[in-house]
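User: Hi! I have a structure open here and would like to talk it through with you. Could we start with empty space inside the protein?

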Amino acid sequence: MNAPRRAAPAALLCLTLAAAASGCTSGPGPGPEKGAIVLATGSDLSSSGVRQDLILDWEKRSGRTVRIVELPDTADGQRSQLLAAGQSGNSGYDVLNIDVAWTAEFAEGGVIRPWGEELDADFLDSVVKTADHNGKVWGVPFNTDAGLLFYRKDILHDYGYDRPPSNWGELKNVAGQVADAYNRAGTGRRMYGMVAQLRPYEGLTVNTLESAWANGGDPDAVSFTKGEQVGALQQGVADVKDRLDSIMPHEATTMDETESRRWFADGRALFMRNWPVEYASVAEKLTPGVQFDVAQLPGRPTDGKRMSVLGGQNLAIAADSSHPEGARQLIEALTGPSSERCLLERGFAATRDSAYRPAAKAPDCSLPPGDAQRGEHGATRPPARWPDQEPPYTRTLYAALRAAEPRPRSAHYQTFSKVVQIRVSEYLGSRGGTAIADALAKEADEALSGRR
């Protein structure tokens, strides 16, 4: 048997030296990353606006270049393209701007890599949940969102109500009474009690979940057919239909965020459930704090708890990124305290607690006053020029965010959402009966578990 070969002295020296001498290296070590950092995002970030300004500011300070790849306008199109590119193993992306509902699916699909450490305590607890999957952090919250109740403050006051309803049952009663009295008086175009986003798309899923939670549903539950969850989804769907049949226009079944906002701003609805990003556009037609205002969504009649579905976007590092160090530095800059304060001042919902401190105690935004930006749902917004550099609804938004909850955190969430959209839309268009609503709970469970 031949004896093992002994390494030559020169080879041993190469193995033991941290910095190899000339002539005994086996090849160049890892050097600094070269090339642009590629950020894949929807069109709402690739336009002018505060988020684009934050990227430009980081480029100036870091000396790095960021190349933005614009994805399709629709959320489904963005998700499909990112999944296909990521699962190919050669996406060419470094940073992904993803919807908070995609975290579990992208993590299990190998599209994004773990962040590698816990998020710091300044991030809102509710928002941190959107970046977590199976005990690991997979991204960093960039901007968030919570549904609010927009209401015609002036009209409510004229009919003896000086504050918005505290629960959904009260809202239905007040909306019906005031809208009927207003229409009988003939003071303007016909007004309905409420508008919301009931077109069969993600907005319908959001409204359905919020109604289910208002009826005792548990946002953290993984089943709609077990324990205290039994009946919550069915009753939630029934309540949405009841509001549609009693205080909403039939056109609500075709409305998204933009169309419902138009109805409200045109004086055709007393109440509206919508995201805060619509506030500035409403303010172009109605006077904030005088003609209209916003509040948290109505609470549950049992305990008064107010819950909204949590929206927003997270930044994650692509699994096949060729610039992971630069990607991480970019994400840290875009989600830092100063950047989050800039987002709040320009009309977005910030993800950090420190951004909501009074202006004198909040982190300084390093950006100059900005131009128009695009909101989460793609609609162009005018520049925010609020007193004290923050929107007038900031306190209400902060409370809503702290009470908000993520959508079901499942890798099969998109299937679940499609089931909800199809079944609830079918139910809203029916003449009655509970068969569709009853079937929905079972089908929802099957979808979330991947059995459908």
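User: What volume does the largest cavity have?

Analyst: The largest cavity has a volume of about 100 Å³. Keep in mind that this is a predicted model.

User: Which residues line the largest cavity?

Analyst: The lining is made up of Val-100, Ala-101, Thr-103, Ala-104, Thr-130, Asp-132, His-133, Pro-406, Arg-407, Pro-408, Arg-409 and Ser-410. The elements that give two or more residues to it are α5 (103–108) and β4 (132–133).

User: And how many cavities of 30 Å³ or more does the structure hold?

Analyst: There are eight of that volume or more.

User: How do you find empty space like that, in general?

Analyst: You roll a probe the size of a water molecule over the atoms, and that shows where empty space is left.

User: Good. Now confidence: what is the mean pLDDT of the chain?

Analyst: The mean is 88, and 87% of the residues reach 70 or more.

User: Where does pLDDT stay under 50?

Analyst: One stretch is residues 1–29, for which the model has three contacts beyond four places in sequence. Another is residues 371–384, with 54 such contacts in the model.

User: Handy to know. What does the secondary structure come to?

Analyst: The chain has 17 helices and 13 strands. Of its 452 residues, 54% count as buried.

User: And how much area does the chain expose?

Analyst: About 20100 Å², of which carbon and sulfur atoms supply 49%. On the contact side, take the ones between residues at least 6 apart in sequence: 74% of these join residues at least 24 apart.

User: Switching to cysteines. How many disulfides does the structure hold?

Analyst: The structure holds one disulfide. Cys-342 and Cys-365 form it, with their sulfur atoms 2.0 Å apart.

User: Where do the two cysteines sit?

Analyst: Cys-342 is in helix α14 (residues 337–345), while Cys-365 is in the loop between α14 and β12 (373–374). They are 23 residues apart, and the pair links distant parts of the chain.

User: Are Cys-342 and Cys-365 buried or exposed?

Analyst: Both Cys-342 and Cys-365 are buried. Their link is right-handed, with 105° about the S-S bond.

User: Which residues does Ser-354 touch, in that loop between α14 and β12?

Analyst: Not counting residues up to four places away in sequence, Ser-354 touches Asp-122, Pro-337, Ala-362 and Pro-363. Ser-354 has a relative accessible area of 3%, so it is buried.

User: Let's move to another serine. Where does Ser-126 lie?

Analyst: Ser-126 is in helix α6 (residues 125–128). It counts as buried because its relative accessibility is 7%.

User: What does Ser-126 touch further along the chain?

Analyst: Leaving out residues up to four places away in sequence, Ser-126 touches Leu-310, Leu-401, Arg-402, Ala-404 and Pro-406. Ser-126 and Leu-401 are 275 residues apart along the chain, yet their C-alpha atoms are separated by 7.1 Å.

User: Which residues of helix α15 are buried?

Analyst: In α15 (residues 394–403), the buried residues are Thr-394, Leu-397, Tyr-398, Ala-400, Leu-401 and Ala-403. What covers them includes α6, β6 (140–146), β7 (148–151), β10 (293–296), β11 (310–317) and α14.

User: How does helix geometry relate to which way residues point, in general?

Analyst: An α-helix has 3.6 residues a turn, so residues three or four places apart point the same way.

User: Thanks! And Val-174, what does it touch?

Analyst: Val-174 is in helix α8 (residues 168–185). Not counting residues up to four places away in sequence, it touches Leu-156, Tyr-161, Pro-165, Leu-270 and Phe-271. The C-alpha atoms of Val-174 and Tyr-161 are separated by 8.7 Å, with the two residues 13 apart along the chain.

User: Why does Val-174 count as buried?

Analyst: Because its relative accessibility is 6%, and buried means under 20%.

User: Last one: what is the phi of Asn-134?

Analyst: Asn-134 has a positive phi of about 55°, although it is not a glycine. Most residues other than glycine have a negative phi. Asn-134 sits in the loop between β4 and β5 (136–137), and with a relative accessible area of 64% it is exposed.

Definitions and conventions: Residues are numbered from 1 along each chain as its sequence is written. This is a predicted model: local features need pLDDT of at least 70, side-chain atom pairs count only at pLDDT 80 or more; totals for chains, interfaces and linings use all residues. Side-chain values use heavy atoms; hydrogens and water are left out. pLDDT is the predictor's confidence in each residue, from 0 to 100. Contact means heavy atoms within 4.5 Å. Helices (H or I, at least four residues) and strands (E, at least two) are DSSP runs, numbered from the N terminus. Buried means under 20% relative accessible area, exposed over 50%, partly exposed in between (1.4 Å probe, protein chains only). Accessible areas come from the Shrake-Rupley method with a 1.4 Å probe; for residues, only the protein chains shown count as cover. A disulfide is a pair of cysteine sulfur atoms within 2.5 Å. On a 1 Å grid over the protein atoms alone, a cavity is a set of points where a 1.4 Å probe fits but cannot get out, and a pocket is an open set with protein on both sides within 12 Å along at least five of seven lines; lining residues have an atom within 4 Å of a point. Grid points are joined across faces, edges and corners, and a volume is the space filled by probe spheres set on the points.
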